[in-house]
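User: I'd like a close look at one part of this model. Could you pick a strand, walk me through how it pairs with its neighbours, and then add a few other spots for context?

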Amino acid sequence: MTFGYLKKLLVLTLSALLPLTIACSCSNSDNDGEIFENGASSSSSDTDSDVTVKTYEFPDFLVDSEGADVLSNVVYQSFDASALTSEIEVQPFDGYVCTQLFNESCYVYEREDYFGLLNFDGEEVISADGVTNITFVSDDLVQVKLESGGEAYYALDENGDVSEQELEDFDEDRISFEKYESGEEDAQDYYLLEIDSQKVYDTQWTSFLKADISELNTSKACQTMFKASTGTRNYYILFDEYYNFTVYEAEYAFIRIKIGDDYGECYILDGDDYDELQTLISSFGTRSSRAAVSGDEDADYLQIEMGLNTNDVVTKTFSPDGYCYTEKTADDSTENKFFTIMDSETFVDLVNWIGLTIESELD
């Protein structure tokens, strides 16, 4: 987390210096940019030893990326088994080899490749006979896999004692968004997420709707999913078969980037980062506009689909020579498809911003 925070500071520092950088580069607007084979950018002003020439590289975090996943920015998890499980440093009971402690309440022990469960007092509550695996599927439910191929479930209490339980089919009707009055004049009413009429999350949602995970670019699965919003921020809420849920921040923009022979895609999944990107792009300004542009189809480019959380999607495609093609996809009018010429350092600053900011989202 510390590394990501330091990179965030670098991004904020870069943004703070942009107005000065742009003012200096605009004074050299007659110098055309040139792209070298190593993927770095330069300009004819590099003959002046007092001028610092910016460079760009393909973002490191995209080099080994297998593809963008819209469900990557986890905001909240109602259950995280790894956070509740700890390894055993000193064996707590004679006659047992314990492998892990769960939720400070029970111990998993191993015997000849089979597994059992002890309560906090060391009493055997699930025998290892014929048990090939024990999994904690929620903070109060244990799944047991049997050598015979069957499975069983046990309710788990705070002392580590268990009672066998039959698992019922998932019932979406147990989940609700209950409406509450704000209690303040002119303030908007809100909704709270509840299961079995019990509040399970504190966020006050301003809207919600059922969503279909098959429509998302993700490898994750769920039993049911909702899209909810609070203010200008949008989120996806996914439930598994045990009614555990995970809250992800939704997408704000989608980025495609090609530098040399490398190509990658990623999402902006943080509202603050998206606000910063909008500020960054608007700070470049527009020098002039054109109806068309010629160029090498194999040249580097950066494309950003902005406003994915709204109905007004705008796609901007930047090239290293300062051209930007803008298309407002919600409108087929030719007036909403145009080229502009920005400063040649626009492309460099954007690539560097992505390399620092999006990687920090993933840390």
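Analyst: What follows is a walk along one strand and its partners, with a few other sites after that. Keep in mind that this is a predicted model.

Let's take β24, which covers residues 314–318. How much of β24 is buried? Of its 5 residues, 4 are buried, so by the cut-off of under 20% relative accessible area the strand is mostly covered.

Now the neighbours. On one side of the pairing list is β23, residues 301–306, which runs antiparallel to β24 with 5 bridges between them. If you want a residue pair to click on, try M306 and V314: V314 in β24 is the bridge partner of M306. The other pairing is with β25, residues 323–328, again antiparallel and again over 5 bridges. Here T315 is a good place to look, since its bridge partner in β25 is E327.

β24 and β25 also form a hairpin, with 4 residues between the strands. Check the backbone of G322 while you're there: its phi is positive, near 100 degrees.

For another hairpin, jump back to β9 (residues 131–138) and β10 (residues 141–146), which pair in the antiparallel sense over 6 bridges. The link from β9 to β10 takes 2 residues. V131 sits opposite L146 of β10.

Next, a single residue in a strand: N234, which belongs to β18, residues 233–239. Is N234 buried or exposed? Its relative accessibility is 11%, and that is under the 20% cut-off, so N234 counts as buried. A polar atom of the N234 side chain lies 3.4 Å from the backbone oxygen of N309. N309 also turns up among the residues that N234 touches, once those up to four places away in sequence are left out. The rest of that list is K227, A228 and S229, then Y248, E249, A250 and Y252.

For contrast, look at S197, in the loop between β14 (190–195) and β15 (198–199). With a relative accessible area of 57%, S197 is over the 50% cut-off and therefore exposed. There is a distance to check here too: the C-alpha atom of S197 is 7.4 Å from that of S176, although the two residues are 21 apart along the chain.

So, if you're setting up a view, you could start with β24 and its two antiparallel partners, β23 and β25. After that, bring in buried N234 and exposed S197.

Key. Residues are numbered from 1 along each chain as its sequence is written. This is a predicted model: local features need pLDDT of at least 70, side-chain atom pairs count only at pLDDT 80 or more; totals for chains, interfaces and linings use all residues. Side-chain values use heavy atoms; hydrogens and water are left out. Buried means under 20% relative accessible area, exposed over 50%, partly exposed in between (1.4 Å probe, protein chains only). A polar contact is a pair of N or O atoms within 3.5 Å; within protein, one must be able to donate a hydrogen and the other to accept it, and residues adjacent in sequence count only if both atoms are side-chain atoms. Contact means heavy atoms within 4.5 Å. Two strands pair if DSSP finds at least two bridges between them.
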